[in-house]
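Good morning, and thank you for the opportunity to present. Please look at the sequence and the structure as they appear, and then follow me through the cysteines, the sheet and the surface.

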Amino acid sequence: MPIFEYICKQCDHEFEAIVYGGKKAECPKCQSKQLAPQLSVFAVAAKNPSSAAPSAGGACGSCGDPRGAGSCSRPN
């Protein structure tokens, strides 16, 4: 189920809402339906350390290509 983020245009309350089918979200604080959708940033939790995201140096250590060493066209 998708979770959407909104800011209420009436009371400036920021909130998340699960929206089913054709229903519209409403502000839980003032019940207004005048909402501004926000861009969501999602995160994925790893179950074990080996599947964690690569370090700041990137997957291959030089360019950060997530496919691993030798995947990018950057010269070594």
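C27 is buried, with a relative accessible area of 0%. Please keep in mind that what we are viewing is a predicted model.

How far is the sulfur of C27 from the closest cysteine sulfur? The distance is 3.7 Å, and the partner in question is C11. A disulfide requires two cysteine sulfur atoms within 2.5 Å. The sulfurs of C27 and C11 are therefore too far apart for a bond. For the structure as a whole, the count of disulfides is 0. C11, accordingly, is in no disulfide, and its nearest cysteine sulfur is that of C27. Is C11 buried or exposed? C11 is partly exposed, at a relative accessible area of 27%, whereas C27 is buried.

Let me turn to the sheet. It is an open sheet of 3 strands, in the order 2-1-3, and the pairing is antiparallel. The edges are formed by strand 2, residues 14-18, and strand 3, residues 35-38, each of which pairs on one side only. On average, neighbouring strands in this sheet are turned by 40 degrees against each other, if direction is ignored.

We may now take the two pairings in turn. Strand 1 and strand 2 are joined in the antiparallel sense by 5 bridges. As one example, Y6 has F15, in strand 2, as its bridge partner. These two strands, 1 and 2, make a hairpin, with 5 residues lying between them. Which residue in the turn has a positive phi? That residue is D12, and the value is about 60 degrees.

On the other side, strand 1, which covers residues 3-8, pairs with strand 3 over 4 bridges, again in the antiparallel sense. Here E5 has Q38 of strand 3 as its bridge partner, and C8 stands opposite L35, also in strand 3.

Finally, I would like to consider the surface. Which residues form a nonpolar patch there? They are I3, I18 and Y20, and together they have about 300 Å² of accessible area. I18 belongs to strand 2, one of the edge strands of the sheet. With a relative accessibility of 43%, I18 counts as partly exposed.

To close, I return to the two cysteines: C27 is buried, C11 is partly exposed, and the structure holds 0 disulfides. Thank you for your attention.

Key: Residues numbered from 1 in each chain as written. Predicted model: local features only at pLDDT ≥ 70, side-chain atom pairs only at ≥ 80, totals over all residues. Heavy atoms only, no water. Buried < 20%, exposed > 50% of the residue type's maximum accessible area, 1.4 Å probe, protein only. Pairing = 2+ DSSP bridges. Axes fitted to C-alpha atoms, helices over the stretch in contact; angles between N-to-C directions. Patch = residues over 30% accessible without salt bridge, like charges linked within 9 Å, V, L, I, M, F, W, Y side chains within 5 Å. Areas by Shrake-Rupley, 256 points an atom, 1.4 Å probe, with all protein chains shown as cover. Salt bridge = Lys/Arg side-chain N within 4 Å of Asp/Glu carboxyl O.
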